[in-house]
Each structure stands twice: as C-alpha cells, then as structure tokens.
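Me: I would like to learn how to read a few features of a protein model, taking each in turn. Could you give me the general idea before each case?

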Amino acid sequence: MANEEDDPVVQEIDVYLAKSLAEKLYLFQYPVRPASMTYDDIPHLSAKIKPKQQKVELEMAIDTLNPNYCRSKGEQIALNVDGACADETSTYSSKLMDKQTFCSSQTTSNTSRYAAALYRQGELHLTPLHGILQLRPSFSYLDKADAKHREREAANEAGDSSQDEAEDDVKQITVRFSRPESEQARQRRVQSYEFLQKKHAEEPWVHLHYYGLRDSRSEHERQYLLCSGSSGVENTELVKSPSEYLMMLMPPSQEEEKDKPVAPSNVLSMAQLRTLPLADQIKILMKNVKVMPFANLMSLLGPSIDSVAVLRGIQKVAMLVQGNWVVKSDILYPKDSSSPHSGVPAEVLCRGRDFVMWKFTQSRWVVRKEVATVTKLCAEDVKDFLEHMAVVRINKGWEFILPYDGEFIKKHPDVVQRQHMLWTGIQAKLEKVYSLVKETMPKKPDAQSGPAGLVSGDQRIQVAKTKAQQNHALLERELQRRKEQLRAPAVPPGVRIKEEPVSEEGEEDDEQEAEEEEPMDTSPSGLHSKLANGLPPGRAAGTDSFNGHPPPGCASTPVARELRAFVEATFQRQFVLTLSELKRLFNLHLASLPPGHTLFSGISDRMLQDTVLAAGCKQILVPFPPQTAASPDEQKVFALWESGDMSDQHRQVLLEIFSKNYRVRRNMIQSRLTQECGEDLSKQEVDKVLKDCCVSYGGMWYLKGTVQS
C-alpha cells in the first residue's frame, strides 16, 4: 500500500490498434549520424526492394561540399572504380564519389512483439510492424575496383607475350551426357547454398519512389497510423465485453467443441452471427447478400446496434449505388485468387466488376455485350458480375436489382458526398485503364429510363428548356440580390456612378452563367450524374444558383475562410501545383474532415481558382506541346509567387523560364539565375529551387505535375 501511494497514477491513456498498415509497415534502422542531421535531409537518389526476401537497397547522395569531405580521396575511389574513361556504365559519373549505397539485413524474424506508436490528442495508436531492417553501407564498389585492377593486369600480361605465336594444336575433346537426376540428388541440390543464392539473385528488384517527411503523400500515408474508428465500437481487439473476456481467460475444452454439430463452411446462423464483432457481421452479411438497402441491414443487425457505427462499418466493405449498398469487389475477389471460369487474376476481376458498378451509378440499365467489349473478360465472368446486382429483362438488358432509395439519400447527405468522391476516383482509374470516352452529360435518375443511347437530341433540348423556365423566377431574385449588394458600399463624395439599363440579353447571360456553375469536378471526365452514389434529384444543382459558392466579394464567409486557409497551407508545403493535383489534395482534405463540416456545402472550380489567385499565387502559362496527353486541369499550373523566404527571387526567375519553355536543361536554368540575380549561386541554392518547383525526367527539368511520361 505504501508503494502505491508513493507511485500514484498520473494519467490514463486510451490505446487503439490501427491495422491499415499492419502488413506493409517496415522499420528501417539507419547508421548513427550527428543529431543535427536527419536522413530526410539527405537526397535519396534511388530505392529498390525484393519483397519476398525483404531486402532493400537505398542510394543516398554524399555532400561533397561539406568541409569534412576529403575530395582527393573521393576522386581516387572514383578513379579506381570506373577508370580514367567515364561512360554510361560508370558508377560515379561526376568522377567523384558523390553517393553511397545502403543494403538491409533482417534483425529478427519474429516481429509480432513490435509495433509503431503514434501519440495524438491523448490517444496512443499502435500499428504492428511487418519487418525490421537494418541498413548498413555497401562496399560493392570495392569489388568493382578489384575487378578493374585484375583486368588491367591481365591486359598487361597479354601485351608482353609474343604476337607471333603459332596457332594452338587441335585438341581432342570428349562429349559426355549427364545422367537423369534422382529425387534425392535433386533435393540436395535444392537445399544447397549455391542454389539458394541463385534463387535469391533471380528475384527481380522492384524500384520504389521515395517521398520526404514533408511531402503531401507522406502526410496522407501517415494518417493510416491512426485507428480509423476510435469510438471503441470497431476496436474489438482491445475492447471486449465481459463474456468475451471471460471466454479468453477460460476457453472451452476441446471435448465440448467436438460435441457441437459441425455446420457447412458457408452456413452461419443468426445466433452465431450475433456473437461476432460488428465489423465482421456487416462483412459477412454483405458478402452473402451482395446488394442491400441500409434499412434491411439495420433490421438484420438488431435494434440495439448504433446506426452511426453501422454507417462507418458499411463504408469499408461496400459502395453506394442508387442509394443501396453493393459489396466491394475486393471482398468477393481477394488477393491471390482467380476466376473459376477463365483463370483471370483477382485484380482484373475487381476492375471489371467496378466498371459494372460504376455503369449502374450512371443508369438503371446495363448491356452485357458492352461490358464484355470494354473489360475484355469472358461471358461467364461478366454474367457473374451482373447477377450480383441486377436482373435480366428480355430485349432491354440488365436492370439494377433494387429500386432507388431516395430516403437514405436525404437522410445521410454527408455519406453520399464521400461516396461521390470515391466514385470520382474510381471513374478516373477506369478511364485510364479502359480508355473510356469522357461523359459530360449527367443522366437523370429515372427508374423507368432506358439506356442513355436511346435519348434523342430534341428530348434533351426540351428538358433543358423546361429546367430553364422553372429556374427563371429564382434566378431573377438572385440577380436582384446581387445588384443590391453591389450598390451597398458607400460612394465617395464627388464621384457619380452612371447606371445603365440591363438588357434582357445580359440577364440571359447571367442566368446561363448561374445555371452552368457546377460543383467542383475532381475527376478528369466530370462525373456529375445525379444518379451517381445515389444523389437525389436537385441535389447536384444545389439549393441556390451558386451551388454553395458565395457571390464574389463575400470572402468573409466561413466557407471562404476555410478554403483560403487550406489553399495557403497547401502552397506553403508545395510551391507549384496543377489544378488537377490541387483538387486531389482537396478531396483528401475533405475525407479527413468530420461530417457536417462547412466545406461540404460545395466548392466549384471557379471558386477554388479565385481563392488560389487571392492567396498570392499566380497562374503559370506553361507552353505544353501540341500533342500533349495532359487534361485541361493538368495544364492549369499555379505557383506561390512570394513566400517570404530568401529564395523568392530565384523561384520567380525559374517560373518565368517555364512560362516560355515546357522543359529546360539544368545549365540553362543556372546561367539564367546567375544572370538575373547578379551573383554566383551555389549548387545547394540551385538544388533547393529545383526541388521546390521542378522534377527531373530523362535529363530535362519540368515544372511539377507537367511531365508526361
């Protein structure tokens, strides 16, 4: 008791188990360096891995300008390794040892007792480690130097010998045929050290991309170290009910388990289902049913289950299609599986099934022949996809199996918005893989509508006229409100404003502009279908003519302030961004926000670009080549003009260079910087400017986001 009083509990911390990176997280142990230097400050020239062996090689640059670097020794090592003549195969192209290779070795084979911990807002999040690798310097360049030395000695010996030697006498050779290898001999050969070394050497290297500590992709991946559901409902590994905890302490004996009747592996009773964690219950139900409305799922789980927890769980195993939930493809086709009909790997099957699901977000009907033509899969696989979520109608095609669930759409707009962003990303991937024609016309979610190809041009024009007439009164009121706001500021004395009458043609232009203002499209093709993700009629158009976009001049609104803060923080981290990349980062930012946040009201492309320009950025008109594959959003390049540091002038000169050139060589950039800045810039200063704004590809430098490989 006395010891407990002397050592009181100071704080209790909740512990969560994050499993998003459980099979992917490695711990790299670098050699000890000075405390003032981190490995993130050192440029990583290349990185590659052999996944099966868990072997990694990293190539890092050496600071040759450091006063502790011995230049004469570096030149001598480069000369010994590559010789006097440098070529493409040279290890050190600069004739100086300017890089070093690190190879990994496993410290322990059992990493189940190790985890990476992240402490955030009074919570401790643990992620199990998949491997621990020690990185040590590799001296393979010494072997290369020895090989060069032996070659030179052999060449010298050959030169001293006489060139007039007689030809060698013809020698008789004996041809022998190998005996058939026995099973025991084969097993000994397979278990030998030479065979294992040869097997390891045959495994190909997988080249990796290295992202620094402050890179946006690193920040995005770092979020996976946090447990996705910290409410305690989904953390079933750490939070157990009293009966489950007692079962763990006193498991049933094997005799009792043998007495229980054994059911088929694909049969699970509701009583057994209720004993499983909530996430597993949802996954099993969706895997068996394939398509289900949210109301039916809640009725199966029971009245005591929280609907918010179910919403979190269902989004991990299913996608929203026409207001109903359809199980994800990777749940039905796990990794390393294949088609029972054609033997196609699971990755191809998932891609084809995602295409079918996406088609049903566009229309109530899908034609099997069209799916087979696009996906290049056999008829049996395509039929399996369609039978999961549709029923066949004679002479019409395949119709989605469930009716449109508008009640769920109205009740959960935040979930619909998130699902819409997910479908936007899936559509972008499908367009690249299948080379789809971009669809720009949104389709109306009509339960009785047929395929999109049956709608004539006259019908579309009639629908557009009807919609314009319905919105005419609303647009007139909005126009009057905008006029009053423009007249609101006080007029300075002595200044007279001339008011001109507004013509009907001007009003029509304003109406057309208001109608054409759409919510921000985050995909290359514009997935604006109101049926996508179950968006209800009228939601895509918004409640007003601006779709959540405040009128010009209303920068003091909460939406504008939040958007301005996001833009400024993003450009402080990355000085150059295309509109496409900025919208991708904005989508990631939206996904991390809590439900009901003000930014979910809808942000248009125009509002986003105006905010970027208002935040001190400028648009760089990069002259793309005529046959460029870049989309319009990828050709809009924005850069932070002034950040307040010492490199502002250097970056401005660099951006002016790229406003006239699509790609530039380094020597041209360095000479232009020296000419404009009037001083001899060091290599580190030029490297910093290039790292902030550019990427290197094929010996040329491009602005970030503009290179087309």
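Reply: What follows goes through a helix pair, the nonpolar cores, two backbone angles and a contact across the sequence. This is a predicted model, in which local features need pLDDT of at least 70 and side-chain atom pairs count only at pLDDT 80 or more, while totals for chains, interfaces and linings use all residues. Residues are numbered from 1 along each chain as its sequence is written, and side-chain values use heavy atoms, with hydrogens and water left out.

Me: How is the crossing of α10 and α12 described, and at what angle do their axes cross?

Reply: Helices (H or I, at least four residues) and strands (E, at least two) are DSSP runs numbered from the N terminus, and axes are lines fitted to C-alpha atoms, for helices over the stretch in contact, with angles from 0 to 180 degrees between N-to-C directions. Here the axes of α10 (residues 278–289) and α12 (residues 307–317) cross at roughly 50° and come within 9 Å. Angles under 35 degrees count as roughly parallel, over 145 as roughly antiparallel, 65 to 115 as roughly perpendicular and the rest as oblique, and α10 and α12 are therefore oblique to each other.

Me: Which residues of α10 and α12 meet?

Reply: With contact taken as heavy atoms within 4.5 Å, Leu 278, Ile 282, Lys 283 and Met 286 of α10 meet Ala 309, Val 310, Gly 313, Ile 314 and Val 317 of α12.

Me: Which members of the largest nonpolar core touch the most others?

Reply: In soluble globular proteins, nonpolar side chains tend to be buried together. A nonpolar core is a set of buried Ala, Val, Leu, Ile, Met, Phe, Trp, Tyr and Cys residues joined through side-chain atoms within 4.5 Å, where buried means under 20% relative accessible area, exposed over 50% and partly exposed in between (1.4 Å probe, protein chains only). The largest core has 55 residues, of which Ile 282, Met 286, Ile 314, Trp 325 and Phe 360 touch the most other members. Helix α14 (residues 346–362) gives the most to this core, with eight residues.

Me: What is unusual about phi at Lys 290 and Asp 336?

Reply: Most residues other than glycine have a negative phi. Lys 290, however, has a positive phi of about 80°, and Asp 336 has a positive phi of about 70°. Lys 290 lies in the loop between α10 and β10 (291–292) and counts as buried at 18% relative accessibility, whereas Asp 336, in the loop between α13 (329–332) and α14, counts as exposed at 76%.

Me: Which residues does Leu 65 touch, not counting residues up to four places away in sequence?

Reply: Leu 65 touches Lys 683 and Gln 684; Leu 65 and Lys 683 are 618 residues apart in sequence, yet 9.1 Å apart in space, C-alpha to C-alpha.
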